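Welcome! Take a moment to look over the sequence and the structure, and then let us walk through them together.

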Amino acid sequence: MTTILDRTANRALTPGLPARLSLTPKTTLAGRLDGAWWPRSRDLAAELPALADALEGRWGRITRVLVNPGHWPVVPHKVAVTGRVLHVGWFTELDPDKIILLSYTTGRCDLLVVPPETEPASAARLMTAAALPGSVLTAGSLMSGEVATGRRMREARSTEDAWENDGGAAPAPRSDPAAHPVVGARMIPLPGRMRR
(Lines give C-alpha, C1' and ligand atoms only; values in the text may rest on other atoms or scores of the structure.)
Protein backbone atom coordinates (compact mmCIF):
# COMPACT_ATOMS: atom_id res chain seq x y z
CA MET A 1 0.00 0.00 0.00
CA THR A 2 1.35 3.41 -0.95
CA THR A 3 0.50 6.49 1.07
CA ILE A 4 0.60 9.87 -0.64
CA LEU A 5 0.55 12.99 1.47
CA ASP A 6 -0.48 16.30 0.00
CA ARG A 7 1.38 18.61 2.37
CA THR A 8 0.36 21.78 0.52
CA ALA A 9 -3.33 21.17 1.18
CA ASN A 10 -2.86 20.75 4.94
CA ARG A 11 -0.58 23.74 5.36
CA ALA A 12 -2.95 25.91 3.34
CA LEU A 13 -5.63 25.27 5.97
CA THR A 14 -3.57 25.96 9.09
CA PRO A 15 -1.45 29.12 8.75
CA GLY A 16 -2.48 31.81 11.16
CA LEU A 17 -5.23 29.72 12.75
CA PRO A 18 -4.99 29.34 16.52
CA ALA A 19 -4.72 25.90 18.09
CA ARG A 20 -8.02 24.43 19.23
CA LEU A 21 -7.37 23.71 22.90
CA SER A 22 -9.30 22.97 26.04
CA LEU A 23 -7.07 23.15 29.13
CA THR A 24 -7.72 22.05 32.69
CA PRO A 25 -8.19 25.06 34.95
CA LYS A 26 -5.36 25.72 37.39
CA THR A 27 -6.28 23.78 40.51
CA THR A 28 -4.78 21.55 43.16
CA LEU A 29 -6.60 18.53 41.68
CA ALA A 30 -4.16 16.66 39.49
CA GLY A 31 -5.61 14.50 36.75
CA ARG A 32 -4.18 12.22 34.12
CA LEU A 33 -4.65 14.81 31.36
CA ASP A 34 -4.02 18.54 31.21
CA GLY A 35 -6.65 19.07 28.53
CA ALA A 36 -7.27 18.32 24.87
CA TRP A 37 -6.01 19.45 21.47
CA TRP A 38 -8.06 19.21 18.28
CA PRO A 39 -5.66 19.62 15.32
CA ARG A 40 -7.00 20.52 11.89
CA SER A 41 -4.89 17.88 10.08
CA ARG A 42 -2.55 14.95 10.70
CA ASP A 43 0.48 16.97 9.58
CA LEU A 44 2.60 17.50 12.71
CA ALA A 45 4.94 19.94 10.97
CA ALA A 46 1.97 22.19 10.18
CA GLU A 47 0.08 21.74 13.47
CA LEU A 48 2.76 21.86 16.18
CA PRO A 49 3.83 25.52 15.82
CA ALA A 50 0.37 26.85 16.73
CA LEU A 51 0.09 24.38 19.62
CA ALA A 52 3.51 25.29 21.06
CA ASP A 53 2.76 28.99 20.76
CA ALA A 54 -0.64 28.61 22.44
CA LEU A 55 0.84 26.71 25.40
CA GLU A 56 3.83 28.99 25.95
CA GLY A 57 1.98 31.40 28.23
CA ARG A 58 0.90 28.65 30.61
CA TRP A 59 3.65 26.03 30.35
CA GLY A 60 6.59 28.11 29.23
CA ARG A 61 8.74 27.38 26.22
CA ILE A 62 7.86 23.94 24.83
CA THR A 63 11.08 22.20 23.75
CA ARG A 64 10.08 18.59 23.08
CA VAL A 65 7.02 16.72 21.89
CA LEU A 66 6.32 13.00 22.17
CA VAL A 67 3.72 11.17 20.06
CA ASN A 68 2.72 7.67 19.09
CA PRO A 69 3.29 7.32 15.31
CA GLY A 70 0.07 5.31 14.94
CA HIS A 71 -2.09 8.36 14.12
CA TRP A 72 0.56 10.51 12.44
CA PRO A 73 1.61 9.52 8.88
CA VAL A 74 4.91 11.43 9.19
CA VAL A 75 6.70 12.28 12.43
CA PRO A 76 9.36 14.92 11.74
CA HIS A 77 12.40 14.99 14.04
CA LYS A 78 12.40 18.79 14.23
CA VAL A 79 9.77 21.47 13.66
CA ALA A 80 10.46 25.20 13.36
CA VAL A 81 8.46 27.19 15.92
CA THR A 82 8.70 30.99 16.15
CA GLY A 83 12.47 31.39 15.90
CA ARG A 84 13.41 28.11 17.54
CA VAL A 85 13.36 24.37 16.91
CA LEU A 86 10.97 21.95 18.56
CA HIS A 87 12.29 18.39 18.88
CA VAL A 88 9.77 15.64 18.16
CA GLY A 89 10.11 12.05 19.30
CA TRP A 90 7.87 9.04 18.96
CA PHE A 91 7.21 5.98 21.07
CA THR A 92 4.92 3.12 20.14
CA GLU A 93 4.29 2.46 23.85
CA LEU A 94 2.69 5.89 24.25
CA ASP A 95 -1.11 6.07 24.21
CA PRO A 96 -1.92 6.80 20.53
CA ASP A 97 -4.62 9.28 21.56
CA LYS A 98 -2.24 11.43 23.60
CA ILE A 99 0.56 13.92 22.99
CA ILE A 100 3.14 14.86 25.61
CA LEU A 101 4.77 18.29 25.55
CA LEU A 102 7.84 19.08 27.64
CA SER A 103 9.09 22.48 28.74
CA TYR A 104 12.02 23.71 30.81
CA THR A 105 9.90 25.66 33.26
CA THR A 106 6.80 23.61 34.05
CA GLY A 107 7.76 20.12 33.05
CA ARG A 108 5.16 18.05 31.31
CA CYS A 109 1.79 18.64 29.65
CA ASP A 110 -0.31 15.63 28.58
CA LEU A 111 -3.09 16.34 26.09
CA LEU A 112 -5.77 14.19 24.54
CA VAL A 113 -5.52 14.42 20.75
CA VAL A 114 -8.98 14.65 19.20
CA PRO A 115 -8.73 13.32 15.63
CA PRO A 116 -9.04 16.09 13.02
CA GLU A 117 -11.97 14.38 11.29
CA THR A 118 -14.08 14.29 14.48
CA GLU A 119 -17.52 15.89 14.28
CA PRO A 120 -17.74 19.17 16.24
CA ALA A 121 -20.28 17.87 18.81
CA SER A 122 -18.14 14.84 19.55
CA ALA A 123 -14.99 16.97 19.72
CA ALA A 124 -16.68 19.34 22.17
CA ARG A 125 -17.64 16.43 24.46
CA LEU A 126 -14.10 15.04 24.35
CA MET A 127 -12.45 18.39 24.96
CA THR A 128 -14.71 19.09 27.92
CA ALA A 129 -14.12 15.66 29.46
CA ALA A 130 -10.34 15.90 29.03
CA ALA A 131 -10.23 19.27 30.81
CA LEU A 132 -12.04 18.15 33.98
CA PRO A 133 -9.82 18.76 37.02
CA GLY A 134 -8.78 15.58 38.82
CA SER A 135 -10.10 13.22 36.16
CA VAL A 136 -8.64 9.72 36.31
CA LEU A 137 -9.66 8.88 32.74
CA THR A 138 -6.91 8.20 30.22
CA ALA A 139 -6.90 9.49 26.65
CA GLY A 140 -7.68 5.99 25.35
CA SER A 141 -10.63 5.53 27.71
CA LEU A 142 -12.08 8.92 26.72
CA MET A 143 -11.82 8.02 23.04
CA SER A 144 -13.39 4.57 23.48
CA GLY A 145 -16.16 6.11 25.60
CA GLU A 146 -16.88 8.65 22.89
CA VAL A 147 -16.99 5.91 20.25
CA ALA A 148 -19.60 4.10 22.37
CA THR A 149 -21.56 7.32 22.88
CA GLY A 150 -21.51 8.04 19.15
CA ARG A 151 -22.71 4.51 18.39
CA ARG A 152 -25.61 4.86 20.89
CA MET A 153 -26.58 8.21 19.38
CA ARG A 154 -26.54 6.77 15.84
CA GLU A 155 -28.66 3.79 16.98
CA ALA A 156 -31.14 6.14 18.66
CA ARG A 157 -31.38 8.23 15.48
CA SER A 158 -31.88 5.12 13.32
CA THR A 159 -34.60 3.86 15.70
CA GLU A 160 -36.30 7.24 15.53
CA ASP A 161 -36.01 7.24 11.72
CA ALA A 162 -37.50 3.74 11.59
CA TRP A 163 -40.40 4.90 13.79
CA GLU A 164 -41.00 7.85 11.48
CA ASN A 165 -40.74 5.73 8.31
CA ASP A 166 -43.04 2.98 9.63
CA GLY A 167 -45.92 5.35 10.18
CA GLY A 168 -45.31 5.82 13.85
CA ALA A 169 -44.98 9.54 13.56
CA ALA A 170 -46.96 11.66 15.91
CA PRO A 171 -49.64 13.73 14.25
CA ALA A 172 -48.42 17.03 12.95
CA PRO A 173 -49.31 19.97 15.17
CA ARG A 174 -52.40 21.82 14.08
CA SER A 175 -51.59 25.15 12.64
CA ASP A 176 -55.11 26.51 13.06
CA PRO A 177 -56.68 25.73 16.45
CA ALA A 178 -60.05 27.09 15.26
CA ALA A 179 -60.29 24.31 12.65
CA HIS A 180 -61.36 21.79 15.34
CA PRO A 181 -62.69 23.73 18.31
CA VAL A 182 -63.24 21.91 21.57
CA VAL A 183 -66.31 23.39 23.16
CA GLY A 184 -66.38 21.26 26.25
CA ALA A 185 -65.46 17.80 27.30
CA ARG A 186 -65.97 15.66 30.33
CA MET A 187 -65.05 12.17 31.26
CA ILE A 188 -67.88 9.72 31.71
CA PRO A 189 -67.04 6.84 34.03
CA LEU A 190 -67.75 3.38 32.72
CA PRO A 191 -69.72 0.90 34.81
CA GLY A 192 -67.49 -1.51 36.77
CA ARG A 193 -68.04 -4.56 34.51
CA MET A 194 -67.07 -2.66 31.33
CA ARG A 195 -63.68 -1.55 32.64
CA ARG A 196 -60.67 -3.42 31.47
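## Strand 5 and its partners

In this predicted model, a good place to begin is strand 3 (residues 62–67), which pairs with strand 5 (residues 84–90) in the parallel sense over four bridges. If you would like a residue to look for, try Val 65, whose bridge partner in strand 5 is Val 88.

Strand 5 also pairs with strand 4 (residues 78–81), over four bridges in the antiparallel sense. Here you can follow Lys 78 to its bridge partner in strand 5, His 87. The two pairings look like this side by side:

| Pair | Sense | Bridges | Example of bridge partners |
|---|---|---|---|
| Strand 3 and strand 5 | parallel | four bridges | Val 65 and Val 88 |
| Strand 4 and strand 5 | antiparallel | four bridges | Lys 78 and His 87 |

What do strand 4 and strand 5 form, and how many residues lie between them? They form a hairpin with two residues between them. In its turn sits Thr 82, with a positive phi of about 35 degrees.

## The whole protein

Stepping back, the protein has four helices and seven strands. Read from the N terminus on, its elements run α-β-β-α-β-β-β-β-β-α-α.

Of the 196 residues in the protein, 35% are buried. The protein exposes about 12,900 Å², and carbon and sulfur atoms supply 58% of that area.

How do contacts relate to the sequence? Among contacts with a separation of 6 or more, 67% are between residues 24 or more positions apart.

Note on methods:
Residues numbered from 1 in each chain as written. Predicted model: local features only at pLDDT ≥ 70, side-chain atom pairs only at ≥ 80, totals over all residues. Heavy atoms only, no water. Pairing = 2+ DSSP bridges. Buried < 20%, exposed > 50% of the residue type's maximum accessible area, 1.4 Å probe, protein only. Contact = heavy atoms within 4.5 Å. Areas by Shrake-Rupley, 256 points an atom, 1.4 Å probe, with all protein chains shown as cover.
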